[in-house]
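These are my notebook entries on a structure that I looked up. I record below what I read from it, topic by topic.

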Amino acid sequence: MRDFVPAICRDLPRVSELRLPLLSGETPVIHLSRLASRLGRSDLWLKNDAATGKLCGGGKVRKLEFLLGAARSRQASEIVTFGGVGSNHAVATCLYARSIGMNVRLFLSPHPLSAGGIAMTNLQVSHACGARISIVTYPHRVLRERGWQVAGRVRRDGTTVSIPSGGSSPVGCIGYAAAAFELCAQIARGQVPRPATIFVPVGSGGVLAGLHAGFAILESPIELVGVRIARTCATARVVANLSARTMRALGFTAPPASVHPRALPTMRVMSGFYGVGYARPTPASRHAVQLLEETEGIQLENTYTGKAMAAALEYQGRKRGRRGPILFWNTANGVDLRRHLPISDSEHGDHDCGGLPPRIRSRLRRWIHPLHG
Ligand SMILES: Cc1ncc(COP(=O)(O)O)c(C=O)c1O
């Protein structure tokens, strides 16, 4: 939908110049009435970013509107980016960069992945998009904080643009500042009550930082809770810093000196829900995924949104969680990416990693295990 004009572009016209339109439109806000009544309350809501874009959905599309917009304005022909193998950010970058004629170079670090699972599909699709993929053994934290060092071998001729892991630069985070404007517009139209608390997953911290920046600019005193989904994820300090840099990228001082602190959002980062580690489900995340599916027919996944939802479910049962509406922000992709695979690869079925070249298969051999739950 080329005509969709995000709320932030009406309020801050300069943002339009930075943006490459990728979003299909505003994403829906859903009243989780069946889940709420099961839990003995009425005010649980979900903002569903599952179908943000056509090629793939999820939160990454919001960031890519600005990341690829900035790359295009620099006349880039190649994007270099980083992540774990099967990264949602990596596959979204491949799909949307290819749609505007840019090449992608990926540096991915291994982690356990299931044959036939989401991460494997992401990797297969990234490859099918023509990305040049290097499997590197740097810890994920190094890729996140110093990816440019890993990419040092890449020739830099001014047409290559580097995007950090998770797409969480201040420019990428503008996508979630824009999402805060979008939600406020929906609140103003009466589509959803103003949430007292919003829950999001925290990986590289960009979703939380962008929302925090957006609500600060809008002077919306919402409590934002980020749930770290692994020990290596962004800390509260990292997120606060990213939020301040995002505000500055939008031309605002952070924190805004003229605004009373009570008119500003607050931010907390929780560390008690990641369990053993990245992409390893916990009993609480499995329960949360199952409960959402059972009551609302909404599909979450176990790596990010299941863990964050588990935290939201625990919080809603506390006294503090009864202070007002709770909104869960679903950042997971809801588009089946297997449709981007050549038929011959997608036919391999659940227990294969079809389409990947032997070079990548052999580097990942000891990380791949069969799909279970
Ligand atoms: C589905 C999903 N949700 C949430 C996040 C977390 O976003 P961020 O890295 O901006 O914290 C990610 C990051 O990869 C993701 O893939």
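**Entry 1: the second largest pocket**

I began with the lining of the second largest pocket, to which α7 gives the most, with six residues. I note at the outset that the model is predicted. I then looked up which helices supply at least two residues each to this lining, and found α7 (140–150) and α10 (236–249).

How many residues line the second largest pocket? I found 18 residues, and those that lie nearest its centre are Arg-144, Glu-145, Pro-164, Ser-168 and Arg-245. I entered the space in this pocket as about 370 Å³. Sorted by class, its lining has seven nonpolar, seven polar and four charged residues. I also checked the domains: domain 1 (7–58 + 169–330) and domain 2 (60–166 + 338–370) each give at least three residues to the lining of this pocket.

**Entry 2: the largest cavity**

I turned next to cavities and found one of 30 Å³ or more in the structure. The volume of the largest cavity is about 50 Å³. I listed its lining as Leu-32, Leu-44, Trp-45, Met-309, Ala-312, Leu-313, Gln-316, Ile-326, Leu-327 and Phe-328. Two or more of these residues come from each of β2 (44–48), α12 (305–316) and β11 (326–330).

Which element provides the largest share of this lining? I found that α12 does, with four residues. By class, I recorded nine nonpolar residues, one polar residue and no charged residues in the lining of the largest cavity.

**Entry 3: salt bridges**

I looked up the salt bridges and noted 13 in the structure. In one of them, the side chains of Arg-62 and Glu-182 meet at 3.0 Å, N to O. This pair links distant parts of the chain, for Arg-62 lies in helix α4 (residues 60–73) and Glu-182 in helix α8 (residues 170–188), 120 residues apart. Are Arg-62 and Glu-182 buried or exposed? I found both Arg-62 and Glu-182 to be buried. I also noted a network of salt bridges that links Arg-62 and Glu-182 with Lys-47 and Asp-49.

I then took a second salt bridge, between Arg-318 and Glu-314, whose closest N and O atoms are 2.7 Å apart. Why does Arg-318 count as partly exposed? Its relative accessibility is 33%, and partly exposed covers the range between under 20% (buried) and over 50% (exposed). Glu-314 also counts as partly exposed, because its relative accessibility is 40%.

I examined a third salt bridge, in which the side chains of Arg-338 and Asp-336 meet at 3.0 Å, N to O. Arg-338 has a relative accessibility of 42%, so I entered this residue as partly exposed. Asp-336, at 40% relative accessibility, therefore counts as partly exposed.

**Entry 4: helix α9**

My last entry concerns helix α9, which covers residues 206–217 and has 12 residues. From its first C-alpha to its last, helix α9 reaches 16 Å, close to the 16 Å expected at 1.5 Å a residue.

How many residues of α9 are buried? I found 12 of its 12 residues buried, and I describe the helix as mostly covered. Among the buried residues of α9 I noted Gly-206, Leu-211, His-212, Phe-215 and Ile-217. Finally, I looked just after α9, where Glu-219 takes a positive phi of about 55°.

Key
Residues numbered from 1 in each chain as written. Predicted model: local features only at pLDDT ≥ 70, side-chain atom pairs only at ≥ 80, totals over all residues. Heavy atoms only, no water. Expected span 1.5 Å × (residues − 1). Buried < 20%, exposed > 50% of the residue type's maximum accessible area, 1.4 Å probe, protein only. Salt bridge = Lys/Arg side-chain N within 4 Å of Asp/Glu carboxyl O. 1 Å grid on protein atoms, 1.4 Å probe; cavity = no way out; pocket = protein on both sides within 12 Å on 5 of 7 lines; lining within 4 Å. Points joined across faces, edges and corners; volume = space filled by probe spheres on them. Nonpolar A, V, L, I, M, F, W, Y, C, P; charged D, E, K, R; others polar. Domains from an automatic or database assignment.
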